[in-house]
Number of protein chains: 2
Amino acid sequence: MSKRTMILGMQLGNGYGSQPMAWKAPGVDAANYANFDAHVRYAQAAERGKFAFLFLPDFAGMSKAPEQEAPMLTLDPLMTLAAIARGTERIGLVATGSTTFNEPYNTARQFKTLDVMSHGRAGWNAVTTSDPLVAANYGQEIDARPERYERAHETIQIAQALWGSWEKDAWIKDQQTGQFADPDKIQPINLQGRHVASRGPLPIPPSEQGQPVVFQAGGGDYGLGLAGRYANAVIGATFTIEDAKAQRNAVRKAAVDAGRDPDEIKYFAGVMPAIAGSKREALDRRVALGREVFPARVPYLGAMLGLSLDVSQLNQPLTGEQLEAARPSPFDPRSQRAYEVAQEGWSIRDILAHGVIDYHPTPVGTAEDTADHLQEWFEAGAADGFWVSIDVYEDGIDTFVDEVVPILQERGLYHSDYEGTTLRDHLGVPEQYGQDPRLG
Amino acid sequence: MSKRTMILGMQLGNGYGSQPMAWKAPGVDAANYANFDAHVRYAQAAERGKFAFLFLPDFAGMSKAPEQEAPMLTLDPLMTLAAIARGTERIGLVATGSTTFNEPYNTARQFKTLDVMSHGRAGWNAVTTSDPLVAANYGQEIDARPERYERAHETIQIAQALWGSWEKDAWIKDQQTGQFADPDKIQPINLQGRHVASRGPLPIPPSEQGQPVVFQAGGGDYGLGLAGRYANAVIGATFTIEDAKAQRNAVRKAAVDAGRDPDEIKYFAGVMPAIAGSKREALDRRVALGREVFPARVPYLGAMLGLSLDVSQLNQPLTGEQLEAARPSPFDPRSQRAYEVAQEGWSIRDILAHGVIDYHPTPVGTAEDTADHLQEWFEAGAADGFWVSIDVYEDGIDTFVDEVVPILQERGLYHSDYEGTTLRDHLGVPEQYGQDPRLG
C-alpha cells in the first residue's frame, strides 16, 4: 500500500513570476512577456519536478497601463498552453476561461482541442467574471450573481455534453473497411438554456482521458454549487490551515450533495514560497523584489494591525508602544500572521518581505522551511495538494524543483515520477465522457 | 531590378489532404486528424518550399457524421497554428475566423497572441457565417446578409483598433529605469457599433509586423467592400483565367475606392494539382483517391454536360451521340472544362479524375504541367499568387516542394528564399498599427 502523497500544480503567469517586479529581477529577460520560448522552458522545469499541472489564471482586460509593473497574466492562456503542449509530455495544462463572455461552443472546442493535442492533459478552470472593466471590453455590463452563475451552469453543461458528443468508441478510422466514424455514436446535444444553447455535435474525438478536467476557483455558496457538480479540482485561496480544512470539507460535502464521490474532487491550497540559503537571504530576496512596492503598502499594513503607520518607519521595527497597541484586523485573514511576524521584532520592510500582504501563505527561509510548511498543511488535512506561485520563474522554479521536491520525496510525501500520462491520472480522478450521469 | 514573382500559400485542413478519401491513402496514418505532429511536419515541408503562408479554413460545425469521409478541417485553426508556430520559423500562419459568432475582443486577443508568439507571422481570414447549422451551435439564427456584413465591418474595425491599442513604441521594458510601458501610448479604444463594442486596451504589445494581416475570402459586393477596406490578401475562388482576372481587378478597384493602394492587396487563385510521373499516373492517383465518391458524382457530371448519365457507364467514355448532344451548363463555371475533357475521349471515371467537379482548377500530369498552369495564370495577370490544395499531404507536399518549386525557381517565377521574416514581408504589404488612417 502506498502512502497518500500530495499533488503539486504550478501557477504560470506573465513570463516573469508572481512578484510584481519580477520582470526586472537579475537574470530575467525583460521581453519574456511576449517570449514563448521562456514560457515553454518554465513549463519544462515544472515537468522535471513532476508537477501534476500548470495553472494559468486569466483576466480579459488590463486594469491600468502597466507603467512600472508588468501585467500579471499571459497574452492568452489557451494559445500559451497550445505552445507549451508542444514542448512538454506529461504535465497537465489548465487554463482559466470565463463562462460569462465566451460562447460554450467556442470554449468546448478550444479546450477539447488542447486536450487532444496534448494527449489528455487539458483542464478548464471555469470561472464567472464580475469585473465591469472586462464587461466593457465586450460592450456589456455585469449581470447579477445569480444570473452569472446560472449561465455558468448552462455553459459547463453544454461544454461537457459537446465533449461527449463523440462517444468513447465513435472514431473507427479503419482504413481497410473504409469506416471513418460510427455515426450512431456521434449525436447532436440539443441543449437549450436560458442564457446559452447549442446543437452540436462537436467534430472532435475523445482524448486519452476522455475530455478536459473541470477546475473551479470561486468561493461562496455559488462557487461551491458549481464545484460540487462539475469540478474535479478546486483552486483554493486560504491563509490558515483551519480555513483550508474548512474549505476542503465544504468542497467535498458539495460533491456528496451532488451525488458524487468526495474523493473525485481535489482541493489545492495556494503557497508562494521565498526560498534561499537562509531566512535572512530569503527575506533579502523579497526585499529586492518589493523595493518599489513596499512604501505604498505601509499604510495598509498599519490597518491590518490597527495602527497608523507611515513610510518613514519602513526600515525600523514597531516600537514597544506600537506592539502593545497592535490588534489583528478582523477584516483581513492575513492579519494574524502579520501580527505574529511583527511581534518577532522585524522591521516593517522585513514584515512585508514575509509576504504578509501577498496573495498566498509565504514560507520564508530554506527549501526545508517550505517543505515543512507543505507537510504541515498536508498532514493536517488542509489540502490534497498545492498550487505553487513562484516569485521569479527564471531561477525560482529550478530552486523549488531541485531543492524542495527532493526533500518531499525523501519524506515520502511526493511521488518520484508520474504514475500515468493524463491529467486525470495525475489527479487520481476517473475518465469522463460527456455530462456526469449521476447529476440530476 | 528583380522580376515580380508569384507568392504561394498552402491550404492545411484535416491532417490528411484535400481529397475526401485522403485519410486512407497509402502511407497515411489514419489518426492524423488528431495528430499535431503530422500537422507540424506538413507545415515544415511547406516552409522548406518557401511558401508565404499556411491557410486554414474553418467551419464551426459538422454537417454530417463522418461515416466514410473525414471532416475536412482541423480541430481548431488557432490552436493548430499555435502548435505550428512552435515548429516553424518563417512561414505565415493564416486562420479563418468568423465575425458572426465571435466576440471582437476574443478574436483580437487570440490572433494578436498568435502574431506575437510567431514573431509577426499571423493572418486573420475574416469571414461571415451564413450556415444555419453553425448558428444552431451557438443557439442562434442567421441574420440577413446586410446585418452580417455590418457586424463584420464593426468586428474588424474593433479588432484592428485593439491591435493598435499599444502603439508601436509603447513597450519600454527598461530594467534600468524601471519603466515597463509608456502609459501615454496605451489607450482604450472605446468603439461602439450597432452589433458589437469594446473598450480596450488589449494588453498585448505589437509584433514584429505590427499586427496580423487581414485576409478576405467571400465574393460579391459585400465581400468586395470588406476586402477593399481591410484586406491585404484575398483568397479567391475561380475556374478560369478570365474570371480570376476579373476578380483580381475588382478587388484592386475596391481597394482604390476605399482610398488605398491596389498593390497592398494580393489576390490568390486556387489550384489543386494532381502530380505524378505522367498524365496517366496522375489520373490513376486521383482515381484511387476518388473510387468511393466517383459513382455518386456521375449524375452531377451529366447535369454539367446537359446529359443524363448513370453509373453503369463509369468506365466508358461518352458515346459519339452523347458527345454531340453535350452542352456545357451555364449554371456551373466548371462545365466548360468538363466539356473539353469529355471531348478528348476520356472515360467518365477519368473525366472525374481530371478534377472537373473539384473545388479548384486541377492541372493533371507531371510537375512541369502544374508549373505551366501556374505560369500561364500568373503571366496572364490572373493572380498575384496561388493557394495550393494538396490531394494527400503525406507525400503530396513533398512532391510539390521538391518537383514544382524548382521548376518555378528556374523559370524566375518564384523566390529562392524568404526575403524577410514576417507575413507582411512575404506578401509585400506594409506594417500596420491599429486601423488604417486612410479609411473614412
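**Exercise 1: The surface and size of chain A**

Work out how much area chain A exposes and what share of it carbon and sulfur atoms supply.

*Solution.* Chain A exposes about 16,300 Å², and carbon and sulfur atoms supply 47% of that area. Keep in mind that this is a predicted model. Now look inside: of the 440 residues of chain A, 60% count as buried. Next, check the overall size. A compact globule with 440 residues would have a radius of gyration near 22 Å, and chain A has 23 Å, so the value agrees with the rule. The C-alpha atoms fill a box of roughly 80 × 45 × 45 Å along the principal axes.

**Exercise 2: A pair of tyrosines**

Decide whether the rings of Tyr42(A) and Tyr393(A) are stacked, edge-to-face or tilted, and find which helices of chain A they lie in.

*Solution.* Start with the distance. The ring centres are 5.5 Å apart, and a pair needs centres within 6.5 Å. Then take the angle: planes under 30 degrees apart would be stacked and over 60 edge-to-face. The planes here stand at 50°, so the pair is tilted. Now for the location. Tyr42(A) sits in helix H1 (residues 36-48) and Tyr393(A) in helix H14 (residues 393-410), so the pair ties together parts that are 351 residues apart in sequence. Both Tyr42(A) and Tyr393(A) are buried.

**Exercise 3: Rings and charges**

Find the ring cluster that includes Trp171(A), then see which lysine lies over the face of Trp171(A).

*Solution.* Ring pairs link Trp166(A), Trp171(A) and Phe180(A) with Tyr16(B), Trp23(B) and Tyr33(B) into a cluster. So much for the rings; now the charge. Lys173(A) lies over the face of Trp171(A), at 4.1 Å from the ring centre. Over in chain B, the charged end of Lys173(B) sits over the ring of Trp171(B), 4.0 Å from its centre.

**Exercise 4: Backbone oddities**

Say what kind of peptide bond runs from Gly200(A) to Pro201(A), and whether His119(A) is buried, partly exposed or exposed.

*Solution.* First, the background: most peptide bonds are trans, and most residues other than glycine have a negative phi. The bond from Gly200(A) to Pro201(A) is cis, with omega near -5°. Pro201(A) is in the loop between strand S8 (197-198) and strand S9 (213-216) of chain A. The bond from Gly200(B) to Pro201(B) is cis too, with omega near -5°.

Next up is His119(A), which has a positive phi of about 60° although it isn't a glycine. His119(A) is in the loop between helix H3 (104-117) and strand S4 (122-127) of chain A. Its relative accessibility is 42%, so His119(A) counts as partly exposed.

Conventions
Residues numbered from 1 in each chain as written. Chains lettered and ligands numbered in written order. Predicted model: local features only at pLDDT ≥ 70, side-chain atom pairs only at ≥ 80, totals over all residues. Heavy atoms only, no water. Phe/Tyr/Trp six-rings, centres within 6.5 Å; stacked < 30°, edge-to-face > 60°. Helix = DSSP H or I, 4+ residues; strand = E, 2+ residues; numbered from the N terminus. Buried < 20%, exposed > 50% of the residue type's maximum accessible area, 1.4 Å probe, protein only. Lys NZ or Arg CZ within 6 Å of the ring centre and 35° of its normal. Rg over C-alpha atoms; globule rule 2.2 N^0.38 Å. Areas by Shrake-Rupley, 256 points an atom, 1.4 Å probe, with all protein chains shown as cover.
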